[in-house]
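Me: I would like to learn how to read a few features from a model. Please start with the cysteines.

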Amino acid sequence: MQTDLISSRENPKIKYACALRDSEKQRAADGLFFAEGPKLCLELAKSCKARTAYATEAALQKTPELAALHPVLVAPHVAEKLAGTKSSQGVFVLFETPQPDPSLLASARRILALEGVQDPGNVGTLLRSAAAFGFDAVLLGPGCAAPFSPKTLRSSMGAAGRLPVLHAADLPHTLHTLRERGVTCLAAALYHSRPLDEAGRDFPDGVCVVIGSEGQGLRDETVAACDAAVRIPMTDRVESLNAGVAGSVLLWHFRGV
């Protein structure tokens, strides 16, 4: 652990860390992302390479394991700036963004694909559920929240670091490619769909579960690119489930494929 203490909120390294925290453009340009909190940072460190860590003396005393990240000490008021709030957890790490090989889609058997899921909480929840239920990869189509933004990271509890997350600029085309190798693509949709219980479980070459936002759903061309559409049977007490809940139900259903 370094003994130097950063006591200025205007320190260039602190200002840079805040820029990474706030700007997806900065994160994409530098191949880094910002994470906060001892539990999340230690979890991410198992699968992502830590570039720079910052911590308060109090945080280090409370969580001695953080010493393995060799954090630079920061004063409490500097930690407040890094956190953007006065309820700072006192631990901040800049990690290298994982760069999964796109060729893994040629062998992945359980795939989650998202389109237009803008809420970071829903994207994080779905990443966490995909990891929990044994999915091999996640495809993010246009309009999805960034998987390594601070809000998404908090919801996923670091799942994006343990699960390959790929981006698909043209999701229908990618789905066609998956179907060509035998993967069954199932769209979550209300219209012209079959109940989930009737979807079957025999998918010898794999399955791709495709989910859109609660408000907009999937585009027509995305649904048309799938083998079939499925819906979760529900009572008439609610009109719909949010994407995080609905997607998690689907992922659980297909966990054993």
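Reply: This is a predicted model. C48 is buried, at a relative accessible area of 7%. The sulfur of C48 lies 11 Å from the closest cysteine sulfur, in C41, which is too far for a bond.

Me: What is a disulfide, and how many disulfides does the count come to?

Reply: A disulfide is a covalent bond that links the sulfur atoms of two cysteines. With a cut-off of 2.5 Å between the sulfurs, the count here is 0 disulfides. C18 has its closest cysteine sulfur in C41, 14 Å away, and that is too far for a bond. C18 counts as buried because its relative accessibility is 7%, and buried means under 20%.

Me: Which way do the residues of strand β2 point?

Reply: L32, F34 and E36 point one way from β2, while F33 and A35 point the other way. Strand β2 covers residues 32-36, and 5 of its 5 residues are buried.

Me: Which strand is joined to β2, and by how many bridges?

Reply: Strand β5, residues 91-96, is joined to β2 by 5 bridges, and the two run antiparallel. Within this pairing, F33 stands opposite F95 in β5.

Me: Which residue between α4 and β4 should I look at for backbone angles?

Reply: Look at H70, in the loop between α4 (57-62) and β4 (72-74). H70 is not a glycine, yet its phi is positive, at about 50°. H70 counts as exposed because its relative accessibility is 52%. M157 is also a residue other than glycine with a positive phi, near 50°. M157 lies in the loop between α7 (150-156) and α8 (159-162).

Terms used: Residues are numbered from 1 along each chain as its sequence is written. This is a predicted model: local features need pLDDT of at least 70, side-chain atom pairs count only at pLDDT 80 or more; totals for chains, interfaces and linings use all residues. Side-chain values use heavy atoms; hydrogens and water are left out. Helices (H or I, at least four residues) and strands (E, at least two) are DSSP runs, numbered from the N terminus. Buried means under 20% relative accessible area, exposed over 50%, partly exposed in between (1.4 Å probe, protein chains only). Two strands pair if DSSP finds at least two bridges between them.
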